[in-house]
Amino acid sequence: MTFDFQGRRVIVAGGSKGIGRAIALGFARAGAQVSVCARGQSSLDALASEAAGEGLSLRVATCDIGDKASLEAYLHSALDTLGGLDVLVNCASAFGRDDNEEGWLSSVEVDLMGTVRAGHVCLPALRETGGSIINIASISAFHASTRTAPYAAIKAAVAHYTGSLAASMAPHKVRVNGIAPGSIEFPGGVWDKAREHNPALYESIRGSIPFGRLGTPEEVADVALFLASDLARWITGQTLVVDGGQVLS
């Protein structure tokens, strides 16, 4: 199945690598005008170069999503450039692992407040179009985690807020949904590094997935496009697990 987003305008907050990158390219390849922000200039440049090589309408800009002023400045600029908005994807994560001040504060500022603030800025434009928001959570939100306590707890907050925002935005015909990916592998990502430096952990996770492999960013991106499409017009307030059955074990 192919999706048609011709004439649609999309912002991906946190889209230079992995899942966010795949989502940004997925929307652009489906015909949307896409604006992407992230902190890393080199990865953004690589994304822009790939998109340009395919003739896609994709713009990039650096932004610290954990910084309110930086995020809001980017969003206002992107909204002006796009001339409106149909889809907002919140994909950034600080991946707070350690149960300490740094782990918690980075997760709160990037994963949670980045999502909240982006929604606050973009909702007026989304009300005008009857658009949608997609928040990227994690299956870690649904169970206790000793390895990544801040990440898991804050992703649970993101999933909960997705439902709350969906309820408040339904009268405005704005849909809000989430995606909870399982373990996703891509070059330079957490699980790519674990495969090399912590093979025991990598094999343990791989063995826990009924399909016998980790997921790909594109498998999450396909679900994001579905949730933003008219095929999902009666779906709101849901956080959809995309994990190859990982939570089943």
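Twelve salt bridges were counted, a salt bridge being a side-chain nitrogen of Lys or Arg within 4 Å of a carboxyl oxygen of Asp or Glu. The model is predicted: local features need pLDDT of at least 70, side-chain atom pairs count only at pLDDT 80 or more, and totals for chains, interfaces and linings use all residues. Residues are numbered from 1 along each chain as its sequence is written, and side-chain values use heavy atoms, with hydrogens and water left out.

Side chains of opposite charge can pair when their charged atoms come close. One such pair is R8 and D230, at 3.5 Å from N to O. This salt bridge links distant parts of the chain, 222 residues apart. R8 sits in the segment before β1 (9–13), and D230 in the loop between α8 (217–228) and β7 (239–242). Helices (H or I, at least four residues) and strands (E, at least two) are DSSP runs, numbered from the N terminus. R8 is partly exposed, with a relative accessible area of 23%. Here buried means under 20% relative accessible area, exposed over 50%, and partly exposed in between (1.4 Å probe, protein chains only).

R117 pairs with E109, the closest N and O atoms being 3.1 Å apart. R117 is buried, at 14% relative accessible area. E109 is partly exposed, at 30%. In the salt bridge between R206 and E203, the closest N and O atoms are 2.6 Å apart. These two residues are three apart in helix α7 (residues 199–208), so about one helical turn separates them. Both ends are partly exposed: R206 has a relative accessible area of 31%, and E203 has 39%. Salt bridges also join R21, R29, E50 and E54 in a network.

R29 recurs at the second largest pocket, among the residues nearest its centre, along with L25, G26, D222 and L225. A pocket is an open set of points on a 1 Å grid over the protein atoms alone, with protein on both sides within 12 Å along at least five of seven lines; a cavity is a set where a 1.4 Å probe fits but cannot get out; lining residues have an atom within 4 Å of a point. Grid points are joined across faces, edges and corners, and a volume is the space filled by probe spheres set on the points. The second largest pocket holds about 250 Å³. Its lining comprises 14 residues. Helix α1 (18–29) and α8 each supply at least two of them. The largest share, five residues, comes from α1. By class, seven lining residues are nonpolar, two polar and five charged. Ala, Val, Leu, Ile, Met, Phe, Trp, Tyr, Cys and Pro count as nonpolar, Asp, Glu, Lys and Arg as charged, and the others, Gly among them, as polar.

One cavity of 30 Å³ or more was found. The largest cavity has a volume of about 40 Å³. Its lining consists of A13, I65, N90, C91, A92, V110, D111, G114 and T115. Helix α4 (residues 101–129) gives the largest share, four residues. Five lining residues are nonpolar, three polar and one charged.

S42 lies in helix α2 (residues 41–53). At 60% relative accessibility, S42 is exposed. S42 and S16 are 26 residues apart in sequence, with 9.0 Å between their C-alpha atoms.
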